[in-house]
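Please look through the sequence and the three-dimensional structure shown below before reading on. The paragraphs that follow begin at a metal site and then move outward to the chain around it.

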Amino acid sequence: MKKATYLLLLLVLVFNCKNETSKKAEQPPIKEAPQNIASTKIEKQLREVYKSRDNIIIDAVANDSAWAKSTWYALDQVWLGDSLTKEDYSGRFKLSWSDDALYILAEIKDDTLIDNIADPLVKWWDDDCLEIFVDEDNSGGEHQYNHNAFAYHIALDGNVVDMSTEKTGKLYNSHIESKNKTLGNTTIWEVKMSLYDDSYNDKGSNTPVNLSVNKKIGFAIAYCDNDKSLERENFIGSIPVEGEDKNRGWIDANIFGTIILKE
Ligand SMILES: [Ca+2]
Ligand SMILES: [Ca+2]
Ligand SMILES: [Ca+2]
Ligand SMILES: [Ca+2]
């Protein structure tokens, strides 16, 4: 082979390789579900959640009677990114329930709020967002592209996204009513969430589950903090995750805590 031809071939190869890399970088981080996800969940972080006597108004104002008697829980486990400063992020949350929904109040202190990506179905995890993980029957197990459990990302503009059974992001706005309000560096999120069981069909019509006393639900909550980077800088969750890879909530419902509904 002539030297010039060889060089040309080499150049083409290098160019193709580079192209491949940049193409890959634009894709969502699709990982195939690891085969070693246990089919039975070991219960951890069992917490009692009390029923609201009054209707909770979703207005990002925490003056509802249910919030006065609910406990604050820490949202402080770093799942992704470097260790945090208090100025960069701190967070906590409360829970309550009614016959038809689970309620979440989150107080997030974040120095910079960003909502840079206009399309809610593009890299929804790289804008600041609240993420709620819920496993209606507390079964645990794999849920990456099925509805054994949900991982709802709630954007600042209220859009709700999770992976569908088509292995792509999908809006689930009818499952969650939310409102957030920011004063200084503090954002209050108030959320009403309908629960669906694992028979949920992306192409069919679905009825939310009714909630009752002593029902156990798999639950975790997290915050994606980005201030100025192309990708989220931190991902902070409500439960410690064992092992090197702590970003497992969107695949493995075994890492969720368990809540039990009380009167
Ligand atoms: Ca309220
Ligand atoms: Ca921050
Ligand atoms: Ca389940
Ligand atoms: Ca931020």
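Along the chain, the donors of the calcium ion (ligand 2) follow the spacing D-x21-D-D-x113-D-x1-D, where donors are N, O and S atoms within 2.8 Å of the metal (3.2 Å for Na, K and Ca), and where sites may look incomplete because water is not among the atoms. The model is a predicted one, in which local features need pLDDT of at least 70 and side-chain atom pairs count only at pLDDT 80 or more, while totals for chains, interfaces and linings use all residues. Residues are numbered from 1 along each chain as its sequence is written, chains are lettered from A and ligands numbered from 1 in the order in which they are written, and side-chain values use heavy atoms, with hydrogens and water left out.

The calcium ion (ligand 2) is held by Asp88, through both O and OD, by Asp110 (OD) and Asp111 (OD), and by two OD contacts each from Asp225 and Asp227, at 2.3 to 2.9 Å. Within this site, Asp88 and Asp111 link distant parts of the chain, since Asp88 lies in the loop between strand 3 (77-80) and strand 4 (89-98), whereas Asp111 lies in the loop between strand 5 and strand 6 (129-135), 23 residues apart; helices (H or I, at least four residues) and strands (E, at least two) are DSSP runs, numbered from the N terminus. Asp88 is buried, with a relative accessible area of 14%, while Asp111 counts as partly exposed at 44%; buried means under 20% relative accessible area, exposed over 50% and partly exposed in between, with a 1.4 Å probe and protein chains only.

Which residue coordinates both the calcium ion (ligand 2) and the calcium ion (ligand 4)? That residue is Asp110, and the two ions lie 3.8 Å apart. The calcium ion (ligand 4) is coordinated at 2.3 to 2.8 Å by Asp110 and Asp128, each listed with two OD contacts, by Thr112 (O), by Asp225 (OD), by Asn226 (O) and by Asp227 (OD). The donors of the calcium ion (ligand 4) follow the spacing D-x1-T-x15-D-x96-D-N-D. Here too distant parts of the chain are linked, with Asp110 in strand 5 (residues 101-110) and Asn226 in the loop between strand 12 (216-225) and strand 13 (234-237), 116 residues apart. Asp110 is buried at a relative accessible area of 3%, and Asn226 is buried at 1%.

From the ions, the reader can turn to strand 12. Nine of the ten residues of strand 12 are buried, so this strand is largely enclosed by the rest of the structure. Strand 12 pairs with strand 6 in the antiparallel sense over seven bridges, two strands being paired if DSSP finds at least two bridges between them. Four bridges join strand 12 to strand 14 (residues 257-262), again antiparallel, and in that pairing Gly218 stands opposite Thr258. Strand 12 is also joined to strand 13 by four bridges, with the two running antiparallel, and Asp225 has Asn234 in strand 13 as its bridge partner.

In the pairing of strand 6 with strand 12, Cys129 stands opposite Cys224 in strand 12. Why do Cys129 and Cys224 not form a bond? The sulfur of Cys129 is 3.6 Å from the closest cysteine sulfur, in Cys224, which is too far for a bond, because a disulfide is a pair of cysteine sulfur atoms within 2.5 Å. By this rule the count comes to zero disulfides. Cys129 is buried, with a relative accessible area of 1%, and Cys224 is buried at 0%.

Two loop residues deserve a look at their backbone. Most residues other than glycine have a negative phi. Ala60, however, has a positive phi near 60 degrees; Ala60 is found in the loop between strand 1 (46-50) and helix 2 (65-69) and counts as buried at 6% relative accessibility. Asn138 has a positive phi near 55 degrees, is placed in the loop between strand 6 and strand 7 (150-155), and is buried with a relative accessible area of 11%.

Finally, the chain can be viewed as a whole. Its secondary structure comes to two helices and 14 strands, and buried residues make up 48% of its 263 residues. Among contacts (heavy atoms within 4.5 Å) between residues at least 6 apart in sequence, 67% join residues at least 24 apart.
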